[in-house]
Every structure is written in C-alpha cells, then in structure tokens.
Amino acid sequence: MAGNGSVRPFVHFNAKKDAEFLHKAMKGIGTDEDAILMALTARSNDQRQQIKAAYKKAYGKDLVSQLKSELGGLLENLIVALMMPPVLYDATLLHKALKGAGTDDQVLIEILASRTGEQIKEIIKVYKKEFGGKLEKDISSDTGGCYGRLLVILLQVKKGPECALPLQDLYDAGEAKFGTDEEKFITILGNRSSEHLQKVFGAYKKLCGSDIEDSIKGETTGNLEDLLLAVVKCTRNVPGFFAESLYKSMRRAGTDDDTLMRIMVSRSEVDMLDIRANFKKMYGQSLYTTIQEDTAGDYQKALLYLCGGKD
C-alpha cells in the first residue's frame with residue numbers, strides 16, 4: 001500500500017525486539033503508554049502483524065488483548081484499530097455500522113465512496129469470513145430507497161459501459177424537470193470509472209452552467225444527498241474529501257473522535273501527506289495544529305505521530 005502515507009515501514013525492523021520492547025513497556029507497575037504508541041505508530045501495518053505473531057510466540061499471549069488490558073478510553077480504541085489489518089478494519093467498521101443500534105450512515109458512505117474497486121472486493125470477502133454474512137444483504141436490509149440502491153451499486157465494482165457521455169441523461173434527470181429522476185443519477189454515478197466521471201462533470205458544467213454538486217444539493221436530501229456528494233468528491237479528489245471530513249470532525253462543539261480516529265488510522269499509510277496538503281490549502285491551517293488544539297493526552301500524541309508533522 002505504498003503511496004503518500006505518513007506512516008512507512010520501519011527500516012531496521014525486528015519483530016522479536018519490538019515484541020520484547022512492548023512486553024517491557026507493559027510489565028510491572030504502570031504502563032509506559034508513550035513507548036507503546038511511539039513503537040506502534042512508527043511501524044507499518046504489515047510490521048505490526050509481524051510483531052503480534054512474534055509476541056504470541058515469545059509470551060504465549062495475544063498482544064492486542066494485552067494492550068487492551070493496559071490502555072483505556074480513546075487511546076485503547078486507537079491502538080486496537082492500528083493493530084487490525086486495513087481490510088479487516090474496514091469490514092469491522094461496516095459490520096458495526098450495520099449491526100449496532102441504528103445504522104451509522106456516515107461510515108457506510110465514507111468507506112463505500114472512497115475505497116478502490118480492489119479494496120471493495122477484499123472487504124466483501126473478509127466481511128463474509130469474519131461475520132458470516134453477505135455485506136450486500138446486510139446493507140439492503142438496513143437501508144432503503146435510492147440511497148440503499150446506490151450503496152449496493154457501489155459494491156458491484158464493475159464500472160459500466162463508457163462509450164457515450166450520458167450528459168443529456170443527467171440533465172434530464174436533474175435540472176431540466178421538477179422532481180428528480182434519482183434512478184438516472186444513481187446509475188450514472190454508481191457505474192462509471194473516475195476518469196469517465198471527470199469528463200461527465202466537466203461537460204455537465206458546460207451544459208447546465210453549474211457544478212453537478214449544486215444540482216445534487218438542489219435536488220436530493222438526507223443520506224442520498226450525502227452519498228452522491230461523497231461519490232462526486234472522491235471522484236474529484238479523495239484526499240480533499242478526507243481533509244473536509246477531518247475538519248468537520250474537529251471544528252465544532254465536541255470532537256467526533258470516531259471519525260477522526262477512523263480517517264487517521266485508515267489513511268496513514270495511503271495518502272495522509274496529500275490529505276495534509278489539502279487541509280492546509282482548504283482551511284489555511286495545518287492538520288497537525290488542528291489536532292493539537294482539539295485533542296489531549298496520549299491519544300493526542302498518537303494522532304500526531306500518525307499525522308507525521310506540521311505543514
């Protein structure tokens with residue numbers, strides 16, 4: 001998953017030494033939280049899996065269970081998330097979003113709009129293996145209407161025929177008549193590749209004189225509006241989409257720690273440096289400073305390690 005992440009594989013990596021180091025940090029009276037989070041945030045996810053195996057071999061115990069018993073609160077949640085392989089983390093988040101009390105639509109929208117086709121395929125496999133159910137079936141039974149249908153289309157991964165730009169279709173579906181033909185919107189946005197959609201958005205602007213986002217905002221509401229906008233934003237600029245979500249998770253009364261943690265963990269090895277650059281450009285301040293102002297303690301330290309530096 002090498003990309004523009006803030007977390008990279010540790011160069012002089014030794015799983016056995018790291019396992020020993022963590023064991024020492026947790027032994028005796030009081031836990032050395034700082035040592036734990038420094039060690040784990042400076043390793044790639046793949047390396048963390050190797051440390052987990054080395055720990056089990058050396059001490060006969062599950063490292064994640066040990067960490068849970070030593071840590072608490074937000075820091076514990078963050079460290080447990082970091083210890084999960086990325087695809088399992090996504091699958092677990094989706095399962096929780098569907099099987100908890102009520103549906104967590106924000107999680108469904110964020111993951112299904114932003115992950116690549118390959119990632120979605122893997123998520124579906126791991127979901128079935130871990131939770132014994134079909135992700136598509138669980139989404140269908142938990143959501144409805146056009147919103148539910150678009151989520152299911154996004155799971156299909158196959159991107160549809162791209163011979164003609166379906167602009168007139170989009171225009172007819174939205175701007176041209178009162179009451180939206182949401183089905184057309186869904187079919188076009190759910191079944192085309194990013195490259196194709198970029199062209200569609202450009203041509204749509206020429207045809208209608210406004211951005212497709214404005215049409216979506218004017219013609220749809222609620223979860224469907226959020227999902228359509230997320231698909232458009234991720235098509236245009238995935239790091240920009242995450243920068244905006246991070247900003248919203250912090251800059252209001254009370255921090256939305258679930259969102260903050262989810263994005264920092266899942267994007268740390270993918271495109272965190274691009275997210276930081278977009279954040280700075282969009283909001284005129286660094287992500288690092290914003291996290292500093294919005295969080296505290298060891299939890300804050302861990303997030304700052306994942307952020308990787310000031311801009």
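What follows is a short set of questions and answers on two helix pairs in a predicted model.

Residues are numbered from 1 along each chain as its sequence is written. Local features need pLDDT of at least 70 and side-chain atom pairs count only at pLDDT 80 or more, while totals for chains, interfaces and linings use all residues, and side-chain values use heavy atoms, with hydrogens and water left out.

Visitor: Are helix 1 and helix 2 roughly parallel or roughly antiparallel to each other?
Guide: Helices are DSSP runs (H or I, at least four residues), numbered from the N terminus. Helix 1 covers residues 15-26 and helix 2 residues 33-41, and they pack at an angle of about 160°. Angles over 145 degrees count as roughly antiparallel, and under 35 as roughly parallel. The pair is therefore roughly antiparallel.

Visitor: How many nonpolar residues are in the contact of helix 1 with helix 2?
Guide: Contact means heavy atoms within 4.5 Å. Phe21, Leu22, Ala25 and Met26 in helix 1 meet Ala35, Ile36, Ala39 and Leu40 in helix 2. In this contact no residue is polar, none is charged, and the nonpolar ones (Ala, Val, Leu, Ile, Met, Phe, Trp, Tyr, Cys and Pro) number 8.

Visitor: Are helix 5 and helix 17 roughly parallel or roughly antiparallel to each other?
Guide: Helix 5 spans residues 73-82 and helix 17 residues 257-267. Their axes, lines fitted to C-alpha atoms over the stretch in contact, cross at roughly 30°. The two helices are therefore roughly parallel.

Visitor: Which residues of helix 17 make the contact with helix 5?
Guide: The axes of the two helices come within 10 Å. Helix 5 contributes Leu74, Asn77, Leu78, Ala81 and Leu82. From helix 17 come Asp257, Met261 and Val265.

Key. Axes fitted to C-alpha atoms, helices over the stretch in contact; angles between N-to-C directions. Parallel < 35°, antiparallel > 145°, perpendicular 65-115°, else oblique.
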